Structure formats: C-alpha cells, structure tokens
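Good morning, colleagues. May I ask you to look at the sequence and the structure on the screen before I begin.

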Amino acid sequence: MAIFLYQPVFAGINAEKVIMDHNKKIKKLVRENRSLNGKIEQLEQQQKQNEKKITELFNLMDYKKSSAVVEQTMNRVRDHNKKAKKIYTSARSLLVTDQHDQAVLLFKQYLAVYPDNNHAADARYWLAKTYLAQEDYQQAKNAFVAFQQDSPLHYKYSNSMFELARVYVQLKQTKKAQTLLSSMLDKFPAHNAANRAKQLLSKITPELEAGSKPSQAN
C-alpha cells in the first residue's frame, strides 16, 4: 500500500515577507485615505467659497434691482414734483396778475391732483385769497376755514385769521370777526397786520355794542 506524505499548503512561503508586504499595502491605503480626506476637505472648502460667492452674486443682483427700483421711483417723484410746482407757480402768477378765474381753476386742479404735495397748504391759502379777491366771500370763508383746520402751524395761519375776519365782516357775521381779531391780536401782537386788525376791530366793536343795546320805546 502506497503512503502519501501530507505537505502543508504554506510550505515554501516566507511568512515574514507576506506580513511585510501586507503592512506596506495597509500603509499605502492609509496614505491614500489621508490624501482623499485632504482632497474632500479642499472640495468642501471650495464648495463653501462657491456658495458664498453665489450668495454675494445674488445679493448684488438684488441690490442692483433694488437700486433700479429706487432710482425709477425717485425719477417719478421728481417728475411728479416738477409738474406740481409748475401748476402751483402758474396759479400764483395768475393771481398776481389779477386773472382770478384761471387762478382758481389751477389752484383747484393742483389740490385735486397733488393734495399731499409740498405746496398743498400754500395752495389752499392762496385759493382762499383768490376767492376773496373775487369778492366771493362764501367760498373764501370755506377755503380759509379748511386751510386753518388742515394747517394750524402754517406760517400763513396768522394772516388767514385776519383775512377770514375780513370775510366775516362782509358776510355780516360781525361777532365771529370780533372774536377772531381778538384771538389774532392776543396770539400774534407783533404781526405786520396787527395795526390793520386793531383798526378793523375798533370799527366793528361799536356796531356790536349798538346792536346789543335794547331799543327804547318812544
């Protein structure tokens, strides 16, 4: 009977060399892994920078759009103000040259189209003055009262008190005229129309006193 001798599979293999080769491969894989990790970090950093640049680009685009909108709005406001000022200036010129009917039309047009513009309060005052120049006392009264209600701090407010008192006199509302003149002189004693206000007040006061006396029977 033949006898076969068992020979180990690892016979003739240098185990130490295999281990060294294996370690070399592991070290190589570790280096490659580190290199890949470094590249990933670079890519992540680059991505962050790209995202930042994209955000800045969108912000710049939004800013340009906003700037364009602001500029367009400002241009519209400037055009709006130019047109408004042209109408107001024309109306004042018509008033100064005694073209009262045309002045009334332009002042009313201005107030209808530009009620909140810079010269709106001035336009209300001069409209009232135009009615007064036309001797349209009822319209003048309404306009002066509206002006005083809307613009109590306007620099022409004191003037309007005297002018409205004159209107009240013409409308035979003497008591209102007296009250308004007294209030004006109390609040604005150094006004350039104070002397005229005193004269008008002294003129209407006797009329009021005479009207308040009871009539004597014959």
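I shall go through the overall make-up, the helices, the core, the largest pocket and some individual residues.

A word on the basis first. This is a predicted model, in which local features need pLDDT of at least 70 and side-chain atom pairs count only at pLDDT 80 or more, while totals for chains, interfaces and linings use all residues. Residues are numbered from 1 along each chain as its sequence is written, and side-chain values use heavy atoms, with hydrogens and water left out.

Let me begin with the make-up. The protein has seven helices and zero strands, where helices (H or I, at least four residues) and strands (E, at least two) are DSSP runs, numbered from the N terminus. The order of elements from the N terminus is accordingly α-α-α-α-α-α-α. Of the 218 residues, 28% count as buried; buried means under 20% relative accessible area, exposed over 50%, and partly exposed in between, with a 1.4 Å probe and protein chains only. As for contact, defined as heavy atoms within 4.5 Å, 42% of the contacts between residues at least 6 apart in sequence join residues at least 24 apart.

I turn to the helices. How far apart are the end C-alpha atoms of helix 3? They are 20 Å apart, in agreement with the 20 Å that its 14 residues, 120-133, should span at 1.5 Å a residue. The expected span is 1.5 Å times one less than the number of residues. For helix 2, 14 residues again give an expected 20 Å, and its end C-alpha atoms are 20 Å apart. Helix 4, with 14 residues, also agrees: 20 Å expected and 20 Å between its end C-alpha atoms.

Helix 3 is mostly covered, with eleven of its 14 residues buried. Among them are the aromatic residues Y125, W126 and Y131. After helix 3 comes E135, whose phi is positive, near 65 degrees. In helix 2 the buried residues are H100, A103, V104, L106, F107, Y110 and L111. In helix 4 they are Y137, A140, K141, A143, F144, F147 and Q148, and what covers them includes helix 3, helix 5 and helix 6.

This brings me to the core. A nonpolar core is a set of buried Ala, Val, Leu, Ile, Met, Phe, Trp, Tyr and Cys residues joined through side-chain atoms within 4.5 Å. Which members of the largest one touch the most other members? Of its 44 residues, these are F107, Y110, F144, F162, V167 and L181. Helix 1 (15-96), helix 2 (100-113), helix 3, helix 4 (137-150), helix 5, helix 6 (174-187) and helix 7 each supply at least two residues. The largest share, eight residues, comes from helix 3. Setting aside residues up to four places away in sequence, Y110 touches A84, I87, Y88, P115, N117, N118, H119, A120 and A123.

Next, the largest pocket. On a 1 Å grid over the protein atoms alone, a pocket is an open set of points with protein on both sides within 12 Å along at least five of seven lines, and lining residues have an atom within 4 Å of a point. The volume is about 230 Å³, taken as the space filled by probe spheres set on the points, which are joined across faces, edges and corners. Thirteen residues line this pocket, and R166, V169, Q170, L200 and K203 lie nearest its centre. Helix 5 (157-170) and helix 7 (194-212) are the elements that give two or more residues to the lining. By type, the lining has six nonpolar, two polar and five charged residues: Ala, Val, Leu, Ile, Met, Phe, Trp, Tyr, Cys and Pro count as nonpolar, Asp, Glu, Lys and Arg as charged, and the others, Gly among them, as polar.

Finally, some individual residues. Is K156, in the loop between helix 4 and helix 5, buried or exposed? At 17% relative accessibility K156 counts as buried, and beyond four places in sequence K156 touches Y125, W126 and F147. S158 lies in helix 5 and is buried at 7%; its contacts, leaving aside neighbours within four places, are M184, F188 and H191.

Two loop residues that are not glycine have positive phi: D98, at about 60 degrees, and K172, at about 65 degrees. D98 is in the loop between helix 1 and helix 2 and is exposed at 56%. K172 is in the loop between helix 5 and helix 6 and is exposed at 71%.

Definitions and conventions. 1 Å grid on protein atoms, 1.4 Å probe; cavity = no way out; pocket = protein on both sides within 12 Å on 5 of 7 lines; lining within 4 Å.
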